[in-house]
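Biologist: Please take a close look at a single part of this model, one helix with the strands beside it, and set it in the context of the chain. I should like the criteria behind each term to be stated as well.

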Amino acid sequence: MSIPEITFDLFKQAVLPVVEESSVEKAHQKLRRRGILIDEGWKEINFGLGEQEQEQEVEELKVNMEIEVEEVEVKKKEKKESLFYAPLFEGLNSIMGADSAVKFSDHPGKHLLSEDDHSHYNADVNGLLTKTTAVPPIVEEAEYECDVLMTGELKKKSTPDTVDDNNKKVLSNATHIMGADPTRRFMFGLTIDKFNVRLWFFSRSHVFVTEAMNLHMDAKNLIYFALSLSGACREELGYDPTVRRVQGKNGTGPRYIFTIDGKQYITTEAIAVRKAKFLLGRP
């Protein structure tokens, strides 16, 4: 599948709620006052720094959790990438405000709960609804697949292989979420390979991605993206207003209520449960 690349300006005009440039500038200055952004870009995102501290954390993880060497290597890779880019998502969260509709979560390897027969979703970073759409019982402080509005993959290197791996994973993640959740019309994605950032848009009819932006030089574009999501309504975040997730009888669920021509229809049980093989097509 050939995926069209567009500029960030076209991307925001096509799919992002409008944000005043004055708000972007205000958030940019806020990050600068706090020392999160400096002239060179995101202050703490510098290659070659912090490696020793990360190695030490992994060794402590190995001792404390008594996990196998193979698992340690996986955790080591995850921690390096997540810790390396964590200042970016922490900074973006800090400008989105307490009443933000979304938040960025960067818990590598953390299992997001699934309400139904779908599982095994895993991403390097997620954009999540701050108010869950999951049906009771809700696990305190848990994160749910149904609340993922942006899926992201991170790499510290930029090579054809790392870019290809990021692309395959972010597409797979979007296919999983869109295939498992009938309340979705579209969702967003993000990939970073070294300092190259791309934003993605996934719907059931088309996919496109921005041209590569520079993590440091194009910081205002990422600020615009975060502010746009933070003030968006659920429909603008890709959720279908004609489909509502509810709890099934006797605590089973979830079930879905579809509104069609003013009438409501509720699902009772799945005729068949299988994972979607393709992103594009009917839910």
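Modeller: The account below begins with the chain, turns to the helix and its strands, and ends with some single residues.

This is a predicted model, in which local features need pLDDT of at least 70 and side-chain atom pairs count only at pLDDT 80 or more, while totals for chains, interfaces and linings use all residues. Residues are numbered from 1 along each chain as its sequence is written, and side-chain values rest on heavy atoms, with hydrogens and water left out.

The protein chain contains 6 helices and 13 strands; these are DSSP runs numbered from the N terminus, helices being H or I of at least four residues and strands E of at least two. Of its 283 residues, 45% count as buried, that is, under 20% relative accessible area, with exposed meaning over 50% and partly exposed in between (1.4 Å probe, protein chains only). Contact is taken as heavy atoms within 4.5 Å. Of the contacts between residues at least 6 apart in sequence, 65% join residues at least 24 apart.

The helix in question is α5, residues 160-180. Its 21 residues reach 30 Å from the first C-alpha to the last, close to the expected 30 Å at 1.5 Å a residue; the expected span is 1.5 Å times one less than the number of residues. Buried residues of α5 include Thr162, Asn166, Val170, Leu171 and Asn173, and towards its end Ile177, Met178 and Ala180 are also among them. The cover over the buried residues of α5 includes β6, β7 (186-193), β8 (196-203), β9 (207-210) and β12 (255-260).

Strand β6 is largely enclosed by the rest of the structure, because 8 of its 8 residues are buried. It pairs with β5 in the antiparallel sense over 4 bridges, pairing requiring at least two DSSP bridges between the strands. One of the bridge partnerships here joins Gly127 to Met150 of β6. β6 also runs parallel to β7, with 6 bridges joining the two, and Lys155 has Asp193 of β7 as its bridge partner. The chain passes from β6 through α5 to β7 in a right-handed β-α-β crossover; right-handed means that, with the strands pointing away from the viewer, the path from the first strand over the helix to the second runs clockwise.

The loop between β5 (125-129) and β6 (148-155) holds Thr133, which counts as buried because its relative accessibility is 13%. Its side chain makes a polar contact with the side chain of Arg245 at 3.1 Å. A polar contact is a pair of N or O atoms within 3.5 Å; within protein, one must be able to donate a hydrogen and the other to accept it, and residues adjacent in sequence count only if both atoms are side-chain atoms. Not counting residues up to four places away in sequence, Thr133 touches Cys146, Asp147, Arg234 and Arg245.

Arg244 is part of strand β11 (residues 243-246), and is partly exposed, with a relative accessible area of 44%. With neighbours within four places in sequence set aside, Arg244 is in contact with Arg255, Tyr256, Ile257 and Gln264. Pro182 is 62 residues from Arg244 in sequence, yet the two C-alpha atoms are 9.0 Å apart in space.
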